[in-house]
Amino acid sequence: MRPFTETKIKQRIITLNSGKALLVLGPPKVGKTWIIQEALSSLRRPYLAIDLRTEPEVRSQLASLNAPKDIVGYLSSISPVALPRGQSVIFFDHIQACPSLLCKIKRLVEDGSFSYVLSGGLDFAEPTLLDCWSYLTVYPLTFLEFAWAYGLSEAKISHLRDCFANRVPIDPAVHLEALSLFHYYLVCGGYPEAVACFIAYKNLNELKRAHKRIVAAYKTEFARRGKGHERIASIYDNIPSQINKPNRKFKFTLFDKEMKFGDISHHSLTWNALGRFILAIWPRMPFRLSFR
């Protein structure tokens, strides 16, 4: 469903021998795990995939080991396939479930036995380890990816690209079909589960259920933040209704009379933005007030 993103990940994996680990970031349900495994399978490199969230014994063992040779030995022992040194890839899914492992990645990369791909939420990154990461962010499907998944032919996609590049009118029939797809895209959104559901059933009730499952995954992710997750969820729930008002301003006092902007500006709202649960636009230059 996502050949363009998959190609980017393939290219990054091919160049992983440059002494960096690939960290793929993105919000829940955006398709990180599927895309990475598809890319690894198509490259036909031996790999071991470990979901750190659902494999507590492996997570505990990795947290207890420190020396790269011990970690490499353990990974080789639990792999169902042979992992030739210098050719194999280790994929750690949901890296945020084992924070201590992040501190060991740099030494594992320097060891050179395996290449490493990690996936995690957008809010999870260690600034002190930036020199050993190669970053790639996965977002929901673009309109082009949606159109491709829906079945718009390559010839029509090429026609649309050419018309846009050359600023010439689109063929009326192609324009009508593309406009119809764009309306579907606005209703469906770009999350793979929702797109697959809409394409399979063409039913808004099924699509609504898919959207509810995605929102439930968001709420589960909020709950993993521990203390303060209720405020994060509350802000998330209130954003659509508040920005739909004529002045499009978000007022915290509407759902918490004791709350002030300073109380959440570096916590709940910022975390929502970092995780791409909402999209925030930050001005490049400070706002200037005019008194004229």
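These are my notebook entries on the sheet, the helix contacts and one aromatic pair in this structure, which is a predicted model.

**Entry 1: the sheet**

I began with the strands. Five of them form an open sheet, in the order β2-β3-β4-β1-β5, and the pairing is parallel. Which strands sit at the edges? I found β2 (47-51) and β5 (133-137) there, each pairing on one side only. From one strand to the next, the twist averages 15°.

I then looked up one pairing in detail. Strand β3 (residues 89-93) runs parallel to strand β4 (residues 115-120), and four bridges join the two. If you want a spot to click on, take Phe91, whose bridge partner in β4 is Val117.

**Entry 2: helices on the sheet**

Next I asked which strands helix α1 lies across. Helix α1 (residues 3-14) lies across β1 (21-25), β3, β4 and β5, and runs at about 175° to β5. Helix α5 (residues 99-111) also packs on the sheet, where I noted that α5 touches β1, β3, β4 and β5. The direction of α5 makes about 155° with that of β4.

**Entry 3: α8 and its partners**

I turned to helix α8 (residues 172-188) and looked up its contact with helix α7 (residues 154-166). Their axes come within 11 Å and cross at roughly 100°, so I wrote α7 and α8 down as roughly perpendicular to each other. On the α7 side I listed Lys156, His159 and Leu160, which meet Val174, Glu177 and Ala178 of α8. By class, this contact has three nonpolar, one polar and two charged residues.

Helix α6 (residues 143-150) meets α8 too: the axes come within 10 Å and cross at roughly 110°. This pair is therefore roughly perpendicular as well. From α6 come Phe143, Phe146, Ala147 and Tyr150. From α8 come Ala178, Leu181, Phe182, Tyr184, Tyr185 and Cys188. How many polar or charged residues does the contact of α6 with α8 have? I found no polar and no charged residues there, with 10 nonpolar ones. Ala178 of α8 appears in my list for α7 and in my list for α6.

**Entry 4: α9 against α10**

I moved on along the chain to helix α9 (residues 192-201) and helix α10 (residues 204-223). They pack at an angle of about 165°, with their axes 9 Å apart. Angles over 145 degrees count as roughly antiparallel, so that is how α9 lies relative to α10. The crossing of α9 past α10 is right-handed.

I listed the residues in touch. Helix α9 contributes Glu193, Ala194, Cys197, Phe198 and Tyr201. Helix α10 brings Leu204, Glu206, Leu207, Ala210, His211, Arg213 and Ile214. Sorted by class, the contact has eight nonpolar, one polar and three charged residues.

**Entry 5: aromatic rings**

Last, I looked up the aromatic pairs, and the count comes to 11. I picked Phe222 and Tyr236 for a closer look. Their ring centres are 5.4 Å apart and their planes lie at 65°. Why is this pair edge-to-face? Planes over 60 degrees apart count as edge-to-face, so the 65° between these rings puts the pair in that class.

The pair links distant parts of the chain, as Phe222 belongs to helix α10 and Tyr236 to helix α11 (residues 229-243), 14 residues apart.

How values were computed. Residues numbered from 1 in each chain as written. Predicted model: local features only at pLDDT ≥ 70, side-chain atom pairs only at ≥ 80, totals over all residues. Heavy atoms only, no water. Axes fitted to C-alpha atoms, helices over the stretch in contact; angles between N-to-C directions. Parallel < 35°, antiparallel > 145°, perpendicular 65-115°, else oblique. Left-handed = near helix turned anticlockwise from the far one by under 90°. Contact = heavy atoms within 4.5 Å. Nonpolar A, V, L, I, M, F, W, Y, C, P; charged D, E, K, R; others polar. Pairing = 2+ DSSP bridges. Phe/Tyr/Trp six-rings, centres within 6.5 Å; stacked < 30°, edge-to-face > 60°.
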